[in-house]
Amino acid sequence: MELSSRLDLIKPSATMAVTEKAAALRAQGIDLIDFGAGEPDFDTPESIKNAAAEAMRRGETKYTPVGGTDALKTAIVTKLKRDNGLTYEKREVLASCGGKHALFEAFQVLFGAGDEVIVPAPFWVSYPDMLLLAGAQARIVHTTAEQNFKLQPQDLDAALTPRTKAIIINSPSNPAGVAYDTQELGALLDVIARRELIIISDDVYEMMVYGGFRLGRVLQLRPELRERTLLVNSVSKTYAMTGWRIGYTAGPAHVIKAMSTLQGQMTSNPSSIAQAAAAQALGGSQETVPLMMREFGKRRDFVVHRLRTIPGVRCPEPQGAFYVFPNLAAYLGTGGGKPTTGDELAAYLIDTAHVAVVGGTDFGYPQHVRISYATSMANLEKGLDRMEAALVKLGRS
């Protein structure tokens, strides 16, 4: 049976590949420390799980409207007003099967052949492939560690072409935890406004900022850009609900309607039970969120300090999310059996030290690896000790 040539455009997700290998090693009884997982290690709060159980007891196990239940849409609208100071109508929001699903649908309805979308690097691994499936191209703009991996206005301006239609802003970001404050984001929005670009604001880590950092938000800074801005979010990270698979989008009504039409032919509605849980997460008490964020902040501080004690490792400090993106070029080589990229180094670490990290190539930086600190402090201590021992054994180039 011959496969579609469409599949030639894309490759498997690097992050999911590491997750699957880590699970396979654990199944063999290997004591593996997993720094590859892009999900909180906390359990979903009890109030959210109880909401799902109550929905099942009420018999809410049937189809729902494609774009989400009235209760979930109400909760999304409530969240946007409470946390973002934004007023949306229910017809301007859509619930999907996770944030990735929401982004995929947005790309499909907005972009086509010949379109370019600005993707600041380092970037989440799925952006370029999802754009290719929409017929568009990611126009990747690399940043530097000296710039703290933040896109500069002049570099954005220089990257624009007549085919540039949109930009993806992921702040805080996966994989480097990059977050833009109001001044930094405002400078980018000046360029964006002049060129009338569509903005895809990927906000899944918006609640995860540390050390008093003040996150810039697109529509708070430039409300006049609302008609060409999509806000994409999910309950996965903020509420430790990765497996529930609920994401959501807020934007112009005609775009939301188009995404709903597409979703109706793809998945129909998200799980009715997961929607009930998400409605509680977004509309209910938020008391668990700052508790989780404080713990992540402690872990971030520990991981950055610990990595910086390893000779030759350079590690910028993230402002948000739960990843660090260190440069391990000091341990890479061009021969003699040494790893030549962060991906090969990641393979070395999982095989010899039983520590799972994600190589940086698919994030746009082959000399880096991504480390998730969404695990216990005990695992962080043990895993980073193992990692240092393995690097020392490998030796600096």
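# Exercises on a predicted model

Pro122 sits in the loop that runs between strand 3 and helix 5. The model is predicted. Work through each exercise with the structure open.

## Exercise 1: cis peptide bonds

Task: Find the peptide bond that joins Ala121 and Pro122, and decide whether it is cis or trans. Then do likewise for the bond from Ser171 to Pro172.

Solution.
- Step 1. Start from the background: most peptide bonds are trans.
- Step 2. Read omega between Ala121 and Pro122. The value is about 5°, and the bond is cis.
- Step 3. Go to Ser171 and Pro172. Omega is near -5° there, again a cis bond.
- Step 4. Place the second proline. Pro172 belongs to the loop between strand 5 and helix 7 (182-195).

## Exercise 2: the surroundings of helix 5

Task: Determine how many of the eight residues of helix 5 (residues 126-133) are buried. Then name what covers them.

Solution.
- Step 1. Apply the cut-off: a residue is buried under 20% relative accessible area.
- Step 2. List those that pass in helix 5: Ser126, Tyr127, Pro128, Asp129, Met130 and Leu131.
- Step 3. Draw the conclusion. Six of the eight are buried, so helix 5 is largely enclosed by the rest of the structure.
- Step 4. Look for the cover. It includes helix 4 and strand 3 (116-121). Strand 4 (137-142), strand 5 (164-170) and strand 6 (198-202) are also among the covering elements.
- Step 5. Check the exit. Gly135, just after helix 5, has a positive phi of about 90°.

## Exercise 3: positive phi outside glycine

Task: Arg245 has a positive phi, and so has Ala321. Are Arg245 and Ala321 buried or partly exposed?

Solution.
- Step 1. Recall the norm: most residues other than glycine have a negative phi.
- Step 2. Take Arg245. Its phi is about 60°, and its place is the loop between strand 7 (229-234) and strand 8 (247-250).
- Step 3. Relative accessibility of Arg245 is 35%, so Arg245 is partly exposed.
- Step 4. Take Ala321. Its phi is near 60°, and it lies in the loop between helix 11 and strand 9 (323-324).
- Step 5. Relative accessibility of Ala321 is 0%, so Ala321 is buried.

## Exercise 4: two helices that cross

Task: Describe how helix 2 (residues 46-57) and helix 10 (residues 272-283) meet.

Solution.
- Step 1. Fit the axes. They come within 8 Å and cross at roughly 140°.
- Step 2. Classify the angle. Because it is not over 145°, the cut-off for roughly antiparallel, helix 2 is oblique to helix 10.
- Step 3. Assign the hand. The crossing is right-handed.
- Step 4. List the contact. Helix 2 brings Ser47, Ile48, Ala51, Ala52, Ala55 and Met56. Helix 10 brings Ile273, Ala276, Ala277, Gln280 and Ala281.
- Step 5. Sort these residues. Nine are nonpolar, two are polar and none is charged.

## Exercise 5: the core and a buried histidine

Task: Which residues touch the most other members of the largest nonpolar core? What is in contact with His101?

Solution.
- Step 1. Take the core of 126 residues. Phe107, Phe111, Leu156, Ile200, Phe296 and Leu307 touch the most other members.
- Step 2. Ask which helix gives the most to this core. Helix 11 (residues 288-308) does, with seven residues.
- Step 3. Inspect Phe111, leaving aside neighbours within four places in sequence. Its contacts include Val117, Leu131, Lys165 and Ile200.
- Step 4. Turn to His101, in helix 4 (residues 99-110). His101 is buried at a relative accessible area of 9%.
- Step 5. Leave aside neighbours within four places again. His101 is in contact with Ser96, Gln263, Met266 and Thr267.

Technical notes. Residues numbered from 1 in each chain as written. Predicted model: local features only at pLDDT ≥ 70, side-chain atom pairs only at ≥ 80, totals over all residues. Heavy atoms only, no water. Axes fitted to C-alpha atoms, helices over the stretch in contact; angles between N-to-C directions. Helix = DSSP H or I, 4+ residues; strand = E, 2+ residues; numbered from the N terminus. Parallel < 35°, antiparallel > 145°, perpendicular 65-115°, else oblique. Left-handed = near helix turned anticlockwise from the far one by under 90°. Contact = heavy atoms within 4.5 Å. Nonpolar A, V, L, I, M, F, W, Y, C, P; charged D, E, K, R; others polar. Core = buried A, V, L, I, M, F, W, Y, C linked by side-chain atoms within 4.5 Å. Buried < 20%, exposed > 50% of the residue type's maximum accessible area, 1.4 Å probe, protein only.
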